[in-house]
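Q: Please take one part of this structure and go through it closely, for someone who has not seen it before. I would like to know how that part is built and how it meets the rest.

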Amino acid sequence: MYLRNAWYVAAWPREVTNRPLARVICDEPVMLFRGENGAPVALHDMCCHRALPLSFGRVIGDRVQCGYHGYTFDRTGSCVDIPGQTLIPEHARVRSFPVVEKFHCVWIWMGEPNAADPAKIPDIWWMDHPDWKPSTPDMAPLKCDYRLIADNVLDATHLTYVHPTTIGASSIVEFEPLIEHTDTTVRISRWMMNRPPPPAYAKAGDFTGNADRWAAVEYWAPAVCVNFAGCVDVGFGGPKGDIKASPRRVELVAISLPTPETAGSCHYFFAFARAFRHDDPEMDHFFGPGMVKVFEEDFSILEAQQRMMEKYPEQKRVSTIYDRGPTLARRMLDRMIEAEVGDDA
Ligand code: FES
Ligand SMILES: [Fe+2]
């Protein structure tokens with residue numbers, strides 16, 4: 001069960017061209033293309049004639065022509081041409097989905113079209129701000145429930161074990177996290193003061209000794225997680241510190257945008273942005289392909305969890321204090337879905 005009335009990332013803009021792109025989103029087959037005016041279009045990926053996916057066809061200007069018998073559909077999904085026939089039945093149409101390009105993402109609305117408000121697109125402003133330099137965004141098709149990704153990033157204690165050579169440091173559990181939430185968001189944050197920074201940050205910021213380090217993550221239901229991470233010289237961190245005044249500073253966000261494909265698979269869109277050393281190609285690599293490697297360390301874990309959970313669905317699971325964040329997030333999402341289903345009924 002998915003939250004339908006929500007914006008999900010359907011694709012990175014570079015993926016949407018004048019060739020059909022097929023993607024299953026929330027169990028619905030969708031085809032995306034870019035029309036003549038450059039705006040993305042998303043249609044149900046099934047011809048209303050004999051069910052061939054429209055993505056087997058071709059884009060002609062602002063329209064898509066089915067690859068079987070040539071029925072042609074406009075960007076609203078209406079059939080506008082049936083070869084050899086002038087009368088077009090009124091019900092000859094496919095569903096179209098609201099799509100908006102913003103923050104270097106193509107967002108899709110899978111719910112009630114009239115409720116699709118572009119003002120509600122998650123505000124991942126770091127992707128589009130002169131003080132922040134985004135990496136080339138990436139997408140990993142993963143065989144796991146998209147909710148496992150929020151579970152993963154909301155529990156930073158995994159960093160020590162999954163990412164020991166990059167962003168992990170054993171000091172994480174020494175510092176109690178602060179957990180805050182609203183009806184649709186969870187935020188978990190902690191400062192780790194005067195401790196050795198993790199290997200990746202030590203290298204990026206030329207830290208030789210200890211540093212003040214922060215790690216925070218926000219979950220915005222249903223499918224956005226933003227990790228805030230970095231470190232500064234000792235004395236410049238902490239809730240009242242002035243990180244911008246620190247002689248050395250590593251500051252980045254990692255944005256996770258897992259879009260459900262099916263109950264057991266997702267399109268894991270992700271990107272990084274950093275607020276320091278913009279013109280340093282070494283940092284471009286470090287916080288581009290280098291961070292992708294860090295994320296890849298999670299992928300095999302997420303898919304292995306999924307396999308076990310599918311095989312042993314009844315297996316009881318233990319929870320501890322560090323599961324508070326993920327548990328809050330799951331409950332919040334469940335409540336939102338229940339409310340949406342209730343509204344529909
Ligand atoms: S299946 Fe599309 S035109 Fe026949
Ligand atoms: Fe991780």
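A: What follows looks at domain 1, at its border with domain 2 and at one of its sheets. The model is predicted, with local features requiring pLDDT of at least 70 and side-chain atom pairs counting only at pLDDT 80 or more, while totals for chains, interfaces and linings use all residues. Residues are numbered from 1 along each chain as its sequence is written, and chains are lettered from A and ligands numbered from 1 in the order in which they are written.

The protein is split into domain 1, covering 7–120, and domain 2, covering 125–340, with bounds that come from an automatic or database domain assignment. Taken over C-alpha atoms, the centres of domain 1 and domain 2 are separated by 33 Å. The two parts nevertheless touch: 12 residues of domain 1 are in contact with 14 residues of domain 2, a contact being two residues whose C-beta atoms, placed from the backbone, lie within 7 Å.

On the side of domain 1 that touches domain 2, β1 (7–11) and β2 (21–25) each supply at least two residues; strands here are DSSP runs of E with at least two residues, numbered from the N terminus. This side of domain 1 is made up of nine nonpolar residues, one polar and two charged, where Ala, Val, Leu, Ile, Met, Phe, Trp, Tyr, Cys and Pro count as nonpolar, Asp, Glu, Lys and Arg as charged, and the others, Gly among them, as polar.

Strand β1, which helps to supply that side of domain 1, also belongs to an open sheet of three strands in the order β1-β11-β10, whose pairing is antiparallel; two strands pair if DSSP finds at least two bridges between them. Because β1 and β10 (99–102) stand at the edges and each has a single partner strand, one side of each is left without a neighbour in the sheet. On average, and with direction ignored, neighbouring strands of this sheet are turned by 40° against each other, the axes being lines fitted to C-alpha atoms and angles running from 0 to 180 degrees between N-to-C directions.

Within this sheet, β10 runs antiparallel to β11 (residues 105–109) and is joined to that strand by four bridges. One position can be followed by eye in the pair, since Glu101 stands opposite Val106 in β11.
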